[in-house]
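Biologist: Before I look at any detail, I would like to learn how to read a model of this kind step by step, with the general idea given ahead of each case.

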Amino acid sequence: MRRDRGWILILSLLVVVLVLPFLRDAIGSQAFPGFYMVLAFQVLFWASQATSWNLLSGFGGYFSFGQGAFYGVGVYAMAVLTGRQDMTWWMATIIGGLLAMVLALIVGMVAFRLRSLRGEIFALLTLALPFILLAVARLSDAIDGGQGVIVPVPPVPSFLPTFQDFVFMAGGLIAVLALAVSYWMSRTRYGWALFAIHDDEDVAEAIGVPTFSHKMYAIALTGLLAGLSGAISAMQVGFVTPEGTFNLRVPVMVIVISVLGGRRHWAGPMVGALYVTLLQNRLQAGNLEGWSLIILGLVLAALVLLAPDGLMARFTRRPWTIALVSVLTPVLLVTTGLVPDLIWAIAIGLAVAAVIAFLPSRKEAGDPARSAKHHAAVDELDGEPVPVGDGVVMETVDVRKHFGGLKAVDGVSIQVKEGEILGLVGPNGSGKTTLVNLISGFFPPTSGTIEVGGVGTVGLSPHKIAHLGVARTYQIPRPFASLTVRDNVAVAIMFGREPKSLAAAREEAEQHLGFVGLSDRADALPGGVNLHERQLLEMARAMATKPKLLLLDEALAGLNPVEIDNAVQVVRRIHRSGVSIVLVEHLLRVVNQLATRIVVLDQGRVLASGPPAQVMTDPAVVNAYLGRSADAAG
Amino acid sequence: MEQIQAAVSGALQGSLFALMALGLSLTWGFLRVINLAHFGIILLGAYLTIELAGPTGLGPLGSLLVTVPVLFVAGAVVHLVFDRFEVSELNSLLISYGLLIVIIQVVQNVWSADFQRLPGDINPYATQSVRIGDLIFPLPTVMAALFALVLVVAMKYFLDKTYAGRALQAFGQDREIASAFGIDHRMLGLLLAGASGATAAIAGMLFTLRGTVTPDSALEWVGLVFAIVILGGIGNVAGTLWAGLLVGAVSGLVAIVWTPATSPLVVFTLVVLALIFRPQGLFRRKAAH
């Protein structure tokens, strides 16, 4: 049912776009002045631009100040190709979109390959992009040369009454396309990969999301849609200059629009575009144009501080009330004659809807699902312990990892056999977590080889290693903060060895949550569950990737004794389901209880290896480990 | 000869941009905020100088008596907001972007979008020049270089030799540990953000000595100044100056060897290369991860 609502809205918009020009012609310019069409075009233009920006920057969290560059490529493609090369408008539009997409892919190739890339650096790199294109456009006489280019009025198709109707329809179709892409992404793996990247890119890789390619898909679509929409808008503008195109107007607008409308929802930018365009229009009508940017700037700053989720996140809590209010208010105002001007009436209706959206909601009052009782306890164990087999699940040979002069891991060779729980212990700084990071592929070893199921993994991206059957948890749990507990697990299933749809993944997620005893927390956000539950969530998410080898990096740190017992039960369960485990743990009681074999690391080297009872009495181990940190021996 | 003249002139101009970059780099490196509003504060520095220098009889240099304290407060107030709401680096970028737009529009509403400049009788520096051998440099760029040098040396001394400076460095490296050692980061943060506002006042004044300013000047500085911040190494005071001189010299050379319009291309290519090969900045030994 929910699934269809988005398509219904997009189809209704398509109908409006196709019908409005003829409706306007039928009503006549008395009741439906031409500037209504211009305003409607602007709303749809900004909706296209903001929706395009939102794919990479809203869904994926990579803020871009470079939207003006993609837009500008479209603008100049239309201007140069129709103005100087006599190409048809629709060919120029398509080429404009493709050129912008190529530019976006180049930016992505450079930026997303940088190991040092952080979101802030990406934002600043894209800030420079319009300035570079400005320089190119000014320099090249083939593009502009600094004089500006006149965009000829294209021949209007005979079935349309006026040029304005034609531009409206063309721009409207691009907006429908942009919204359809955005909605489709938000329902499929393409969007969910971005949601995961937005929350925690390293973890996304570790559960099997090919982050690089999904960022490239997103930036390509951002470029394509921005270019298409820019090309159409050039026809509306009529005369383009480098300074008027490659500036910060487009980036300012798309950022404010998307932050206001909501970056997580596919329709957020559309809603934001409606608000911002109408606000600007009304300020112009009141001769307050000089205030427009001041208000937008303050709105941006205030929203980021106080309501970063935007309007759409609040509208969806009571969609029917909001829809009714925003439609009925203007209708009542106009029919009763209180506010005869239609645009003022619509603006007032939207303002009322926004105020209602920010009224406190009953849902926020309390969380009834929360109870003092521990829900996470799992049942008694079922089945027999898995015997240790002969097959080698994972093997490292002489693996080293040096950070500058520090030898964090210095020649470690270990094997994990089928059915084994290998306890990995050692003092702080002995290289345990570095080894986990090497096995999961978070960084490559300085030298040595690592094999998983007989396949060498050095040089593979973490998501490929995840698909080979390696899963991990983090010492400090790193759930995707904006996804529910269920969806955290569902994402891992969607990006498993066999790709799954969202619906199928959500269904399957229930099993994994039940497996660790988190079923009744499925709808909570990770911020609303306790540490123990977050650690269980880590395990459920790791199990959802269907691993052969699970790396548990101090998964029991910071728990109370009751919780530890429960977690130990869960680890046993995982083991009995046929998964080999590397258990990095400080609590020797737990290691002794669970491990079938223990490897002791000290200063990056293997100090001892063997059955728990034997290793724990080894004098070298007692000296290196217990002697120094006896207090950790819980 | 022509090339040397162009490179040195460019380097001197680059020092003005290094001065603009200084405050930005400091607050980014030590306070973990990326303050785009800094460009708005520089803009205010420029317009206030034009407003004050003539009518008050203070002259451009004398007007610093007013602009430095006023913009010190402005810088501190912006940081007060960041601190109060504990904003992340990325959010500070967005919020200050909003503030920058507001400042530019306010300046435009007050002083119009047209070019503004100091009248010739108030700004005797504009027409004077300094001659060294065969090389001739306009006095305003030499003054900018001197101011940049003095401020960088002073800031370096403050950070390395004073208790407050070292405390700030500790805070930049690890907030929680530094707080645990009793460093009053709030006070120090406000002080540094204020100092960054004060450098903006000086940079704004120096910019008016060279010629005209418009509200959009603020946006024109953004690309070049961030290039300098990144090349110099975030929070690296001396690196910022070196990067400014380097970027200026390269721009100057490119401008006469090819055309002035190609210099952004070259500079930003440099930045991308630097990000690939030396993400920690050009002037810092490779740090261990």
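Biologist: Which domains does the domain assignment of chain A give?

Modeller: This is a predicted model, in which local features need pLDDT of at least 70 and side-chain atom pairs count only at pLDDT 80 or more, while totals for chains, interfaces and linings use all residues. Residues are numbered from 1 along each chain as its sequence is written, chains are lettered from A and ligands numbered from 1 in the order in which they are written, and side-chain values use heavy atoms, with hydrogens and water left out. Domain bounds come from an automatic or database domain assignment, and for chain A this gives domain 1 (2-263) and domain 2 (392-632). The contact between them, where contact means heavy atoms within 4.5 Å, takes 20 residues from domain 1 of chain A and 25 residues from domain 2 of chain A. Taken over C-alpha atoms, the centres of these two domains of chain A are separated by 44 Å.

Biologist: What is the make-up of chain A in secondary structure, and what share of its residues is buried?

Modeller: Helices (H or I, at least four residues) and strands (E, at least two) are DSSP runs, numbered from the N terminus, and chain A comes to 25 helices and 12 strands. Buried means under 20% relative accessible area, exposed over 50%, and partly exposed in between, with a 1.4 Å probe and protein chains only; of the 634 residues in chain A, 56% are buried. Its C-alpha atoms fill a box of roughly 95 × 55 × 40 Å along the principal axes.

Biologist: How should I read a sheet, and in what order do the 4 strands of the open sheet in chain A lie?

Modeller: Two strands pair if DSSP finds at least two bridges between them. In chain A the order of the open sheet is β4-β3-β6-β7, with antiparallel pairing, and the edge strands, each pairing on one side only, are β4 (406-417) and β7 (455-456) of chain A. Strands β3 and β4 of chain A are joined by 9 bridges, with A:V392 as the bridge partner of A:K417 in β4, and they form a hairpin with 2 residues between them, where A:G404 in the turn has a positive phi of about 60°. Strand β3 (residues 392-403) of chain A is also joined to strand β6 (residues 447-452) of chain A by 5 bridges, and there A:M394 stands opposite A:V452.

Biologist: Turning to chain B, how confident is the predictor, and which elements have the lowest and the highest mean pLDDT?

Modeller: The value to consult is pLDDT, the predictor's confidence in each residue, from 0 to 100. Where pLDDT is low, the predicted coordinates should not be read in detail. Chain B averages 88, and 97% of its residues score at least 70; among its elements, helix α8 (residues 175-180) of chain B has the lowest mean, 72, and helix α2 (residues 37-53) of chain B the highest, 95.

Biologist: What does the radius of gyration of chain B tell me?

Modeller: The radius of gyration is taken over C-alpha atoms, and the globule rule is 2.2 Å times the number of residues to the power 0.38. Because chain B has 289 residues, a compact globule would have a radius near 19 Å, and the 19 Å of chain B agrees with this.

Biologist: How do the 2 strands of chain B fit among its 12 helices, and which way do the side chains of β2 point?

Modeller: Along the sequence, chain B follows the pattern α-α-α-α-α-β-β-α-α-α-α-α-α-α. Its strands β1 and β2 pair in the antiparallel sense over 4 bridges, and B:V130 has B:F137 in β2 as its bridge partner. Along β2 (residues 135-138) of chain B the side chains alternate, so that B:L135 and B:F137 point to one face and are buried, while B:I136 and B:P138 point to the other and are not.

Biologist: Where does B:F171 lie, and is B:F171 buried or exposed?

Modeller: B:F171 lies in helix α7 (residues 163-173) of chain B and counts as buried because its relative accessibility is 7%. Leaving aside neighbours within four places in sequence, B:F171 is in contact with B:F30, B:L31, B:A178, B:S179 and B:H185. The C-alpha atoms of B:F171 and B:R32 are separated by 9.9 Å, although their positions lie 139 residues apart along the chain.
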